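Let's take a walk through this structure together, one region at a time. Keep the 3D view open so that you can find each place as it comes up.

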Amino acid sequence: MSGYGRSADEWDLMVQTGRDFLVERAKLRKITSYTELNATLARRTGCKSFDFERADERAAMGQLLGLIVELDQQITPSEPPVMISALVNYLSANDAGPGFYQLAKDIGLLPLSASKDEKDTFWIKQVSRLHER
């Protein structure tokens, strides 16, 4: 995949590196933030970081997380699927971003009309399963 001003090689590198970092976090039974993931990707890959002040760059990070989820499910399939992007939260929040819940709906893990409580429960279960895995 290419796009958002990045080459296919950059995307491949960021997807693999991002997954590796999230697996590390899961093994430590920790979560991370978009900011920490962004800084880690830039440091480990040499690719430019995402500028979260720009809507297109925030969308690019969302695209990246979706690709990381796909890769993780290919490498370590589970039933029901677990979304490794559950480990990425806003810097001062205690849950995932709206893109996480939208992807969960898109792949059929969360009802389209999910309430806030259903989303919270889903996210907590995803994080727990990732830490256990």
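**A guided walk from the loops to the core**

At 52% relative accessibility, Arg29 counts as exposed, because the cut-off for that word is over 50%. Do bear in mind as we go that this is a predicted model. You will find Arg29 in the loop between helix 1 and strand 1, the latter covering residues 32–33. Its backbone deserves a look too: Arg29 is not a glycine, yet its phi is positive, at about 60°.

Tyr4 makes a good companion to that residue. Tyr4 also has a positive phi, about 55°, without being a glycine. This residue sits in the segment before helix 1. Is Tyr4 buried, exposed or partly exposed? With a relative accessible area of 35%, Tyr4 is partly exposed, since that value lies between the 20% and 50% limits.

Now step into strand 1, where Thr32 has its place. Here the relative accessible area is 5%, so Thr32 is buried. Which residues does Thr32 touch, once those up to four places away in sequence are set aside? They are Phe21, Leu22, Arg25, Leu37, Leu87, Val88 and Asn89.

Next, let's look at how the helices pack. Two packed helices are described by the angle between their axes and the distance between the axes. Start with helix 1 (residues 8–27) and helix 2 (residues 34–45), whose axes cross at roughly 120° and come within 10 Å. Helix 1 and helix 2 are therefore oblique to each other. Their crossing is right-handed. On the helix 1 side, the contact is made by Leu13, Met14, Thr17, Gly18, Phe21, Glu24 and Arg25, while helix 2 brings Glu36, Leu37, Thr40, Leu41, Arg44 and Thr45. Sorted by character, the residues of this contact are five nonpolar, four polar and four charged.

Further along the chain, helix 4 (residues 98–106) packs against helix 5 (residues 116–132) at an angle of about 90°, and their axes are 11 Å apart. That angle makes helix 4 roughly perpendicular to helix 5. Helix 4 contributes Phe100, Tyr101, Ala104 and Lys105, which meet Lys119, Asp120, Phe122, Trp123 and Gln126 of helix 5. The residues of this contact split into five nonpolar, one polar and three charged.

With the helices in view, turn to the interior. In soluble globular proteins, nonpolar side chains tend to be buried together. In this model, the largest nonpolar core has 36 residues, and the members that touch the most others are Leu64, Ile84 and Phe100. Helix 1, helix 2, helix 3 (55–75), helix 4 and helix 5 each give two or more residues to this core. Which element supplies the largest share? It is helix 3, with eight residues.

Try centring your view on Ile84, one of those well-connected core members. Apart from neighbours within four places in sequence, Ile84 is in contact with Arg19, Leu22, Val23, Ile68, Val69, Asp72, Leu130 and Arg133.

One last stop is a point of backbone geometry. What is the form of the peptide bond from Glu79 to Pro80? This bond is cis, with omega near -5°. Pro80 lies in the loop between helix 3 and strand 2, which spans residues 88–89.

Key
Residues are numbered from 1 along each chain as its sequence is written. This is a predicted model: local features need pLDDT of at least 70, side-chain atom pairs count only at pLDDT 80 or more; totals for chains, interfaces and linings use all residues. Side-chain values use heavy atoms; hydrogens and water are left out. Axes are lines fitted to C-alpha atoms, for helices over the stretch in contact, and angles run from 0 to 180 degrees between N-to-C directions. Helices (H or I, at least four residues) and strands (E, at least two) are DSSP runs, numbered from the N terminus. Angles under 35 degrees count as roughly parallel, over 145 as roughly antiparallel, 65 to 115 as roughly perpendicular and the rest as oblique. Contact means heavy atoms within 4.5 Å. Ala, Val, Leu, Ile, Met, Phe, Trp, Tyr, Cys and Pro count as nonpolar, Asp, Glu, Lys and Arg as charged, and the others, Gly among them, as polar. A crossing is left-handed if the near helix is turned anticlockwise from the far one by less than a right angle, and right-handed if clockwise. A nonpolar core is a set of buried Ala, Val, Leu, Ile, Met, Phe, Trp, Tyr and Cys residues joined through side-chain atoms within 4.5 Å. Buried means under 20% relative accessible area, exposed over 50%, partly exposed in between (1.4 Å probe, protein chains only).
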